[in-house]
Amino acid sequence: MFAAIKELGSYIIRSEELSEEDVLIQESKMANVKKVICVVFKLKGKSVTYDRTHLEEYDSRKSRRYLYRTFSHGRYDVTPTTRMLSPDKAEKRTLLWFKKYSEKYGDWLIRSLKDEFTKERDKVFADVSNEYNELSKEDRRNLMLTIKIKEGKKEKYLGDYTILRRIFKEESLRKFFAKYNVESKGTAVCYLCGKEKEVFGFASSFSFYTFDKKGFAPNFIREDAWKRLPICPECAISLEAGKEFLNKYLLKNFYGFRFYVIPKFVLGGVYEDVIEHIKDADKRKYAESLLCMEDDILNLMKEEGNRLNLIFVFIKPKQKDFFDIVQYVEDVPPSWIKKLDKVLAEVKHLSVFREEALKKMLGQRKVGSLNGDLTIGGLIRTFFPSPSYNNFFIDAVGKILAQRAINRDLLVKAFAREIQDRHVNGKNWEEKLLCLKSFMLLLFLDESNLIR
């Protein structure tokens, strides 16, 4: 998985001519931002004075100027650009950031901003509060705060200043080797590129691979983490670029879980046309989905033949960026996705599920097609509801993708359990629908040779 993500990230860096700062910006975390509150300071000589606060529309083209990235500790972000939860929290985070980095870097601009912020904090955040209070509840949930500096008639952003770009880069890169109050780096062969060089111990980019407990570290020593998964700075940057691409285009919601679908190119390298199709996937409208209502990307991937395989990583989100991997399926050929899609479509169009048959079974003059979520995930979730049967649900989905058979007796028991529940509670309409859906799912699995 790491190799596939690294290859993807390397391609994105080359094709889009990204700098290290560009890669480290978490653009996907700004996807829902609609408005930006800008705190403007006037620069004269080597001193700044507070000018005003104003609101502007978020512009994704300015992401490298906003310089947004989070820290795992959550006390403040890598720069004074921060997600706005409330004026009070923004005030604390901003002042804490300036206190930390004015001392650490000793730069005149950072010190001047810190002094003026401290001096005018009441005025600044009164103005911020006014802008905040005038927004709708929806805009408040998708709001960001940043700083602009006015030089003459021109207003500049944080990313326009060398010192802010330096702080952003250095502090972002520290996460690859500095964590848990220790530093982990040494000289070894990089796990990804195979070259001997300086490597870092916390550069996996994914929170499921962690040394937050000493028991997970080699010999219970976190400083030796680089010995278990040595990754060089260049590959760490590529992993970041790959992860950002996945988060932006290839991360989908899935019935209480989420999943990544990661392309793994068979002959190495990355195919430009595949990447461009992925980027444009959201512009396409598909009539039907396979795995879930949000899996438009699989409709695209199924046509890729033998050029690539797919890796599915199903995750359960936790606090912040942390998550647990609950199912991992690799080397899924697009031809298998295409077959599943074809079989499901054929089953849906059998005469038993058409309107004329449904009228007779349901006793209705007008029915239309069978209602509900008729994707693979939707059908299985119907009989393995959350949260009691989450493990059975995700295990069944994983087996289908991995071309492994599902136990027939387990399925029949699940069908009976849900149907009997509707019967006992007098929900006759739902009872009949569940009978039909169980039949549809059983036919689909049988036609796909997935029943044991």
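In this predicted model, E91 has a relative accessibility of 13% and therefore counts as buried, since the cut-off for that class is under 20%. Its salt-bridge partner is R121, and the closest N and O atoms of the two side chains are 2.9 Å apart. The two ends of this bridge come from distant parts of the chain: E91 belongs to helix 4, while R121 belongs to helix 6 (residues 121-133), 30 residues apart. R121 is partly exposed, with a relative accessibility of 34%. A buried acid is thus paired here with a partly exposed base.

Helix 4 (residues 87-105) also supplies R93, which forms a salt bridge with D77 at a closest N to O distance of 3.0 Å. D77 sits in the loop between helix 3 and strand 3 (82-83), and 16 residues separate it from R93. In this pair, both D77 and R93 are buried. Helix 4 is therefore a handy place to begin browsing the charged pairs, as E91 and R93 both lie in it.

A further bridge brings in helix 3 itself. D160 pairs with R65, and their closest N and O atoms are 2.8 Å apart. Because D160 lies in the loop between strand 5 (154-157) and helix 8 (162-174), whereas R65 lies in helix 3 (residues 63-66), the pair ties together parts that are 95 residues apart in sequence. Both residues fall in the partly exposed class: D160 has a relative accessible area of 27%, and R65 has one of 25%.

Salt bridges can also be followed beyond single pairs. Bridges with shared partners connect D51, R52, E56, K148 and E155 into one network. Within this group, E56 offers a good close-up view. E56 is part of strand 2 (residues 47-57) and is buried, its relative accessible area being 12%. Two polar contacts start from the side chain of E56: one reaches the side chain of K148 at 3.2 Å, and the other reaches the side chain of Y157 at 3.0 Å. Leaving aside residues up to four places away in sequence, the neighbours that E56 touches are K34, K35, V36, C38, K62, Y66, K148 and Y157. K148 and Y157 thus appear in this list of neighbours as well as in the polar contacts, K148 at 3.2 Å and Y157 at 3.0 Å.

These examples belong to a wider set, for the structure holds 33 salt bridges. As for overall charge, the protein chain carries 83 positive and 67 negative charges, and the mean positions of the two groups are 2 Å apart.

Turning to the chain as a whole, the secondary structure consists of 17 helices and 13 strands. Along the principal axes, the C-alpha atoms occupy a box of roughly 85 × 55 × 40 Å. The chain has 452 residues, and 51% of them count as buried. Its exposed area is about 22,300 Å², of which carbon and sulfur atoms supply 48%. Sequence-distant contacts feature here too: when contacts between residues at least 6 apart in sequence are considered, 68% join residues at least 24 apart.

A few backbone details towards the end of the chain are also worth a look. The peptide bond that leads from S386 to P387 is cis, with omega near 0°. P387 is located in the loop between helix 14 (376-383) and helix 15 (390-401). On the other side of helix 15, the loop that leads to helix 16 (408-424) contains Q403. Q403 is not a glycine, yet its phi is positive, at about 60°. This residue is partly exposed, with a relative accessible area of 44%. N449 likewise has a positive phi, near 60°, in a residue other than glycine. N449 falls in the segment after helix 17 (428-447) and is exposed, with a relative accessible area of 61%.

Methods: Residues numbered from 1 in each chain as written. Predicted model: local features only at pLDDT ≥ 70, side-chain atom pairs only at ≥ 80, totals over all residues. Heavy atoms only, no water. Helix = DSSP H or I, 4+ residues; strand = E, 2+ residues; numbered from the N terminus. Buried < 20%, exposed > 50% of the residue type's maximum accessible area, 1.4 Å probe, protein only. Contact = heavy atoms within 4.5 Å. Areas by Shrake-Rupley, 256 points an atom, 1.4 Å probe, with all protein chains shown as cover. Lys, Arg positive; Asp, Glu negative; His and termini not counted. Charge placed at Lys NZ, Arg CZ, Asp CG, Glu CD. Salt bridge = Lys/Arg side-chain N within 4 Å of Asp/Glu carboxyl O. Polar contact = N/O pair within 3.5 Å; in protein donor to acceptor, adjacent residues only side chain to side chain.
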